[in-house]
Amino acid sequence: MLNTNDKYVFGRDKRESKRLDAQHDLLLKVTENSLIHPKIPTDTLFSVADIATGTGIWLKDTSEMLDKVDGHRCYYHGFDISAAQFPEDSDTIAFSLHDITEPFPEEHWNRYDLVHVRLLVAALEESEYSAAVCNIQQILKPGGYLQWEEIDEDTYISKDNPVFLEVRRCFDVSFKAEKKCFQASTKIFEECMGAGYQEVERLTYSSDWDENIRLETERRFVAIFETLYASLLLRSGEVDTELAARKRTEDLVKQYKSLCESGNSPPVKLMRVIARKQQ
């Protein structure tokens with residue numbers, strides 16, 4: 001069933017958890033396997049948080065990477081507004097409920113060397129980014145880093161792919177109606193600058209650097225269309241029923257696959273904002 005009422009557009013069932021984990025694997029490849037940007041010194045990371053953690057897959061991979069170093073032990077904490085996708089067995093990672101737009105409990109203030117956030121473009125209202133950036137700043141240690149990643153409008157900019165033009169139109173109209181921001185990474189960059197973060201950068205990664213991940217990229221776009229596009233059609237009132245939304249989406253996916261077969265297969269772009277709290 002499509003999600004039309006929750007602030008979070010996607011579902012939280014096992015199928016959605018599998019989609020999130022598969023998406024994580026692709027985005028890791030898109031960034032050339034950089035879980036953490038090279039500018040962030042990993043040998044100084046002893047406390048790491050992940051906001052909108054979902055299944056905790058980013059924290060899981062990050063903990064395995066950091067703890068490979070002899071003698072390096074780190075504290076890991078995942079936050080989300082729902083516990084539905086938290087792993088059932090995790091001895092090395094703590095999880096708790098929290099909304100990024102609300103201040104964190106005092107025990108988390110000035111605690112983390114790195115805070116990671118990913119893919120909230122379909123969840124946050126434009127007016128909420130300021131509070132989110134400031135709340136993260138409060139839990140970072142002085143000199144700690146923020147790494148926030150989004151798939152936003154930049155991914156769907158295309159001159160010759162009618163499917164991407166339609167998806168961009170749908171997302172833009174729906175996000176504006178829900179007071180959300182399709183230019184999320186630009187908004188995050190601006191809010192970080194305004195909040196006094198230092199060394200703020202907005203970076204672009206694209207899947208077209210590796211032809212071997214093209215098919216995987218196409219599968220991920222199909223998954224996005226079948227979830228986000230279909231949900232937004234219904235939430236925005238463009239269609240009246242879930243059946244109509246799924247029919248429109250089915251036709252779109254068929255057109256997309258046909259374009260891909262003809263060589264018109266746009267890359268996925270991941271936008272990454274990194275910033276440092278003042279020391």
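**Notebook: contacts, core and overall form**

I began with tyrosine 156 in this predicted model. Leaving aside residues up to four places away in sequence, I listed the contacts of Tyr156: Ile151, Phe164, Val167, Arg168, Phe171, Phe182, Phe221, Ile224 and Phe225.

I then looked up the largest nonpolar core and found that it holds 77 residues. Tyr156 is among those with the most contacts inside this core, together with Ile136, Trp148, Phe171 and Phe225. I asked which helix gives the most to this core. Helix α6, spanning residues 214-235, does so with nine residues.

Next I recorded the secondary structure. The protein chain has seven helices and seven strands. Read from the N terminus, I noted the order α-β-α-β-β-β-α-β-α-α-β-α-α-β.

I turned to overall dimensions. The C-alpha atoms fill a box of roughly 55 × 40 × 35 Å along the principal axes. I compared the radius of gyration of the protein chain, 19 Å, with the value near 19 Å expected for a compact globule of 279 residues, and the two therefore agree.

I checked burial and found that 55% of the 279 residues count as buried. I also examined contacts between residues at least 6 apart in sequence; 79% of these join residues at least 24 apart.

Finally, I looked at the surface and the charges. The accessible surface comes to about 13100 Å², and carbon and sulfur atoms account for 49% of that area. I counted 35 positive and 49 negative side chains in the protein chain. The centres of these two sets lie 2 Å apart.

How values were computed:
Residues are numbered from 1 along each chain as its sequence is written. This is a predicted model: local features need pLDDT of at least 70, side-chain atom pairs count only at pLDDT 80 or more; totals for chains, interfaces and linings use all residues. Side-chain values use heavy atoms; hydrogens and water are left out. Helices (H or I, at least four residues) and strands (E, at least two) are DSSP runs, numbered from the N terminus. The radius of gyration is taken over C-alpha atoms; the globule rule is 2.2 Å times the number of residues to the power 0.38. Buried means under 20% relative accessible area, exposed over 50%, partly exposed in between (1.4 Å probe, protein chains only). Contact means heavy atoms within 4.5 Å. Accessible areas come from the Shrake-Rupley method with a 1.4 Å probe; for residues, only the protein chains shown count as cover. Lys and Arg count as positive and Asp and Glu as negative; His and the chain ends are not counted. The place of a charge is taken as NZ of Lys, CZ of Arg, CG of Asp or CD of Glu. A nonpolar core is a set of buried Ala, Val, Leu, Ile, Met, Phe, Trp, Tyr and Cys residues joined through side-chain atoms within 4.5 Å.
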